[in-house]
Amino acid sequence: MSAAKELVKVTPAAKLTQYYTIAQEKANNDPDESTRPLYWDIVILIVPWLESTQVDAAFAEALAMARNDSALLQKKAWRVLEQIASCENQVCQAIMTGEL
């Protein structure tokens with residue numbers, strides 16, 4: 001996973017936004033429910049490196065997902081929150097301190 005994180009760090013922001021949008025859409029709506037966790041893993045990987053509005057929206061969505069009845073969705077929600085909380089970039093830190 002560390003190689004994937006390094007790749008995300010050097011990917012242009014516009015591409016990350018595009019990848020994130022597609023992964024989030026598929027994570028929520030893909031007709032093949034068995035592939036949805038894979039798309040959530042992509043969201044988890046990318047979310048700390050997005051623009052502040054997207055990270056903020058993902059944070060809010062993850063908080064809502066953490067209350068879901070599905071244990072799998074709860075786990076993915078906590079992983080999104082963990083990624084945002086552990087990232088040291090300014091956007092994530094601002095969200096975690098309530099400065100956004």
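The following is a dialogue on how labels are assigned in a predicted model.

Biologist: What are the ground rules here?

Modeller: This is a predicted model, where local features need pLDDT of at least 70, side-chain atom pairs count only at pLDDT 80 or more, and totals for chains, interfaces and linings use all residues. Residues are numbered from 1 along each chain as its sequence is written, and side-chain values use heavy atoms, with hydrogens and water left out.

Biologist: How many disulfides does a search of the whole structure find?

Modeller: The search finds 0 disulfides. A disulfide is a pair of cysteine sulfur atoms within 2.5 Å.

Biologist: Why is Cys87 not called bonded to Cys92?

Modeller: The closest cysteine sulfur to that of Cys87 is in Cys92, 4.2 Å away, and therefore too far for a bond. Seen from the other side, Cys92 is in no disulfide, with the sulfur of Cys87 as its nearest at 4.2 Å.

Biologist: What makes Cys87 buried?

Modeller: Buried means under 20% relative accessible area, exposed means over 50%, and partly exposed is in between (1.4 Å probe, protein chains only). Cys87 has 8%, so it is buried. Cys92, at 0%, also counts as buried.

Biologist: Why is Ala66 called buried, given that it lies in the loop between α4 and α5?

Modeller: Its relative accessible area is 19%, which is under 20%, so Ala66 is buried. The loop is set by its flanking helices, and helices (H or I, at least four residues) and strands (E, at least two) are DSSP runs numbered from the N terminus.

Biologist: Which residues does Ala66 touch, not counting those up to four places away in sequence?

Modeller: Ala66 touches Gln74, Ala77 and Trp78, where contact means heavy atoms within 4.5 Å. Arg79 is 13 residues from Ala66 in sequence, and their C-alpha atoms are 10.0 Å apart.

Biologist: What makes Arg67 exposed?

Modeller: Arg67 has a relative accessible area of 65%, over the 50% limit, so the label is exposed. Arg67 also lies in the loop between α4 and α5. From Thr17, 50 residues away along the chain, Arg67 is separated by 26 Å between C-alpha atoms.

Biologist: How do you know that Glu33 is exposed?

Modeller: Its relative accessibility is 57%, over 50%, so Glu33 counts as exposed. Glu33 is placed in the loop between α2 and α3.

Biologist: Why is Lys5 only given the label partly exposed?

Modeller: At 34%, Lys5 is in between the 20% and 50% limits, so partly exposed applies. Lys5 lies in helix α1 and, leaving aside neighbours within four places in sequence, is in contact with Leu45 and Gln83. Between the C-alpha atoms of Lys5 and Trp49, 44 residues apart along the chain, the separation is 9.8 Å.

Biologist: Which residues of α3 are buried?

Modeller: Tyr39, Trp40, Val43, Ile44, Leu45 and Ile46 are buried in α3. Their cover includes α1 (2-10), α2, α4 and α5.

Biologist: What makes a set of residues a nonpolar core?

Modeller: The members are buried Ala, Val, Leu, Ile, Met, Phe, Trp, Tyr and Cys residues, joined through side-chain atoms within 4.5 Å. The largest such core here has 26 residues, of which Tyr20, Val47, Leu50, Val80 and Ile84 touch the most other members. Two or more residues come from each of α2, α3, α4, α5 (71-86) and α6 (90-97). The largest share, 6 residues, comes from α3.

Biologist: Which residues is Val47 in contact with, leaving aside its neighbours within four places in sequence?

Modeller: Val47 is in contact with Tyr20, Val55, Ala58, Val80, Gln83 and Ile84.

Biologist: What makes a space a cavity?

Modeller: On a 1 Å grid over the protein atoms alone, a cavity is a set of points where a 1.4 Å probe fits but cannot get out; lining residues have an atom within 4 Å of a point. Grid points are joined across faces, edges and corners, and the volume is the space filled by probe spheres set on the points. The count comes to 1 cavity of 30 Å³ or more, and the largest holds about 30 Å³.

Biologist: Which residues line the largest cavity?

Modeller: The lining is Tyr20, Gln24, Trp40, Val43, Ala58, Glu61, Ala62, Met65 and Val80. Helix α4 gives the most, with 4 residues.

How values were computed:
On a 1 Å grid over the protein atoms alone, a cavity is a set of points where a 1.4 Å probe fits but cannot get out, and a pocket is an open set with protein on both sides within 12 Å along at least five of seven lines; lining residues have an atom within 4 Å of a point.
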